[in-house]
Amino acid sequence: MEEELRCFICKEFYREPVLMPCGHALCRACAVGLQTHVHENDNASAVSHDFQEADKASVSSETDSGVVCGSRPNSYAGTPATSTYTTATFSIICPFCNKQVYLDDSGAEGLPPFRVMRTIVERFGGVSVAPPAEEACQMCEGERRAAVVRCEQCSVRYCAGCRDAWHPTRGPLAQHELRALGTTCTDHGCTPVLFCNTCLLPICQRCLAERHASHETQHLSSAARLHKTELSQTLHQLSEEAKAMTEYIQLVKSSGDKINVYKKNIESCEELENQIDQACAEVTRAVERRRDELIRAARNTRSQAVAGMRVMTSQAAQKLREATALLHFSIEALKESDHAAFLQVGKILSVRARDTASNLRSSLETPPAPPALTLDIEPVLRTVNTMNFIECIPPGAPEMAVEACAARGCSCTLAWRAPAAPRAVRGYVLELDDGLGGPFREVYCGRETVCTIDGLHYASLYSARVKAFNGAGEGPYSEVIGLQTSPVAWFTWDARCGVGGVGGEGGLVIGSEGLSARAAGWQPRVALADQPLARGLHYWRLRIDHYDGDADPAFGVARADVARDKMLGSDALGWAMYIDGSRSWFVHGGAHGGRAAGGIAHGSTVGVLLDLTRGTLRFTVDDRPQGDIAFTGLRGAFYPAVSLNRGVGVTLQPGLPPPPDLLDIAGISIQ
């Protein structure tokens with residue numbers, strides 16, 4: 001855990017740690033040393049970001065080019081707000097992730113203190129971390145200690161010792177109000193009691209009334225418990241991956257032991273050198289020179305293998321140390337009693353733990369087997385200068401096992417046979433095109449001869465080929481095989497769009513089979529399918545199981561990051577048809593148009609025809625066209641979507657053939 005407690009810049013235990021917007025920590029002095037002034041001509045480009053777009057992404061997103069934030073202490077836990085400031089004075093490039101942070105006049109001095117880090121450093125680092133001036137006791141002499149209370153009448157902060165010595169709760173001071181200190185609202189100086197899930201900020205009651213009335217909030221302790229539970233679950237996953245990494249290191253070490261045994265056999269020349277001596281005894285001095293070359297090649301192969309195993313062991317051990325440090329640090333963070341302080345970093349630690357667990361899982365590769373070298377001595381006299389080990393000859397072309405290859409839905413399974421002996425094979429490279437006759441790309445590299453590929457496009461013909469490789473290089477490709485994915489997309493509602501149990505107020509309830517959906521509140525909620533559509537012609541229906549006249553359902557498609565708490569089509573990431581009992585409108589980006597007569601009732605069906613070849617979207621009611629073409633120019637990946645509120649229940653019917661009347665109108669033919 002010590003790696004988590006030391007500053008990346010000064011390599012010492014954190015002193016006055018501050019929290020960067022990207023989620024990393026620095027000593028306050030180190031942060032001040034890293035900051036640079038922003039020139040006036042850079043201000044426009046630094047501050048004129050589209051804040052509406054910035055609000056859609058987390059400040060810790062790996063795709064962000066930079067982070068803009070104000071320097072108010074304790075002010076950020078999520079995305080930047082447009083009202084923070086208008087001019088950037090300083091900027092800092094995070095040494096961990098290289099993200100650029102823009103700050104106002106306060107600079108790094110205004111970054112919020114990292115209370116969880118400070119507590120853990122004091123507990124385990126053996127270092128007394130001086131609190132920032134705004135949190136220090138005002139009565140301590142010499143080294144300052146953190147204040148625990150503040151007298152509202154005296155306007156003085158006291159640590160525990162100074163409180164007992166200078167402000168006893170008796171006599172004339174008994175009537176003074178001593179307020180416990182912790183995280184406070186920077187705008188009002190009050191203790192936060194709520195957590196805004198929209199802004200990811202601890203807030204007080206005045207903040208709720210002034211700026212967060214329409215946001216989703218919950219009690220501070222409940223939010224802390226929820227984030228601690230999420231972090232605990234992620235840490236359990238990280239712990240399992242760390243355990244797997246430990247076993248992996250042992251596996252690599254055991255493979256290294258086998259190489260050492262092989263090394264002894266080579267150095268003692270027990271069998272390989274006997275073979276070489278017997279062969280070289282039959283030829284001239286040229287054969288003897290070749291013998292020496294082969295012995296050196298064998299020893300070099302062993303040395304390279306041993307060095308490779310050491311590198312793999314070192315890399316795996318380093319990853320395990322980093323994961324273990326994060327694991328112990330996060331466990332200590334879970335003990336934080338200050339809910340607001342924990343919420344400042346809880347989500348960040350969850351993301352880091354999840355990413356670390358994923359990285360550990362992805363790095364567990366089977367160690368390469370010790371090299372097996374066999375000398376080919378048959379053509380000794382005639383081809384003495386070409387004598388070599390079998391693995392020094394590239395392998396032949398693998399043979400596709402056509403009978404075992406198959407495509408199902410949007411995935412395919414490919415199998416092949418090893419090249420003919422005696423050439424050795426270390427592994428295979430499988431390549432697949434894009435389903436449109438484009439260039440091949442590598443999709444698998446390993447020793448297995450069977451591979452299943454998921455996430456392909458529907459209604460696409462993919463081409464695949466495979467080649468083998470060993471220490472001498474790569475062999476030729478196999479024959480190319482074609483696989484046709486399903487022409488019809490089958491999907492269900494993504495269970496993550498719903499809520500557990502009988503459903504909470506304002507949420508969606510997704511049926512156990514993933515096809516039915518209903519809303520539990522009046523606020524519209526969006527449900528997305530569990531997989532996107534990016535190619536082909538697709539038609540699906542939604543049967544209206546329940547409907548009353550006050551409901552506002554909308555049907556259509558959306559991008560993955562569409563707003564989930566608004567009617568579908570209210571933002572630029574949704575394309576929908578809003579319909580009631582007598583008429584309908586097409587909605588996109590908050591704009592309505594294409595009004596058409598005819599509505600829905602209990603038992604009606606609303607159909608959606610998505611033609612990604614032409615980039616169009618049409619709708620039907622009871623399999624009859626509802627209006628003209630709703631939208632054109634659709635390109636990319638889209639999720640089937642619906643927005644519901646109380647009074648509406650639907651059942652999804654995917655993978656249907658489009659109505660012939662609709663195809664005739666659109667001029668589409670189905671082969």
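Visitor: How many salt bridges does a search of the whole structure find?
Guide: It finds 17 salt bridges, and keep in mind that this is a predicted model.

Visitor: What makes Glu230 and Lys347 a salt bridge?
Guide: Their side chains come to 3.0 Å, N to O. The cut-off is within 4 Å, so the pair counts. Glu230 sits in helix H8 (residues 220-268) and Lys347 in helix H12 (residues 346-362), so to speak distant parts of the chain, 117 residues apart.

Visitor: Why is Lys347 called partly exposed?
Guide: Its relative accessible area is 38%. Buried means under 20% and exposed over 50%, so Lys347 falls in between.

Visitor: How do you know that Glu474 and Lys467 meet in a salt bridge?
Guide: Look at the distance from N to O: 2.7 Å. That is within 4 Å, so this pair passes too.

Visitor: Is Lys467 buried or exposed, and what about Glu474?
Guide: Lys467 has a relative accessible area of 9%, which is under 20%, so Lys467 is buried. Glu474 has 49%, which is not over 50%, so Glu474 counts as partly exposed.

Visitor: What makes Asp494 buried and Arg496 exposed?
Guide: Asp494 has a relative accessible area of 14%, under the 20% cut-off, so Asp494 is buried. Arg496 has 73%, over 50%, so Arg496 is exposed. These two form a salt bridge as well, with their closest N and O atoms 2.8 Å apart.

Visitor: Which residues do salt bridges that share partners join into one network?
Guide: Glu230, Lys347 and Arg354.

Key. Residues are numbered from 1 along each chain as its sequence is written. This is a predicted model: local features need pLDDT of at least 70, side-chain atom pairs count only at pLDDT 80 or more; totals for chains, interfaces and linings use all residues. Side-chain values use heavy atoms; hydrogens and water are left out. Helices (H or I, at least four residues) and strands (E, at least two) are DSSP runs, numbered from the N terminus. Buried means under 20% relative accessible area, exposed over 50%, partly exposed in between (1.4 Å probe, protein chains only).
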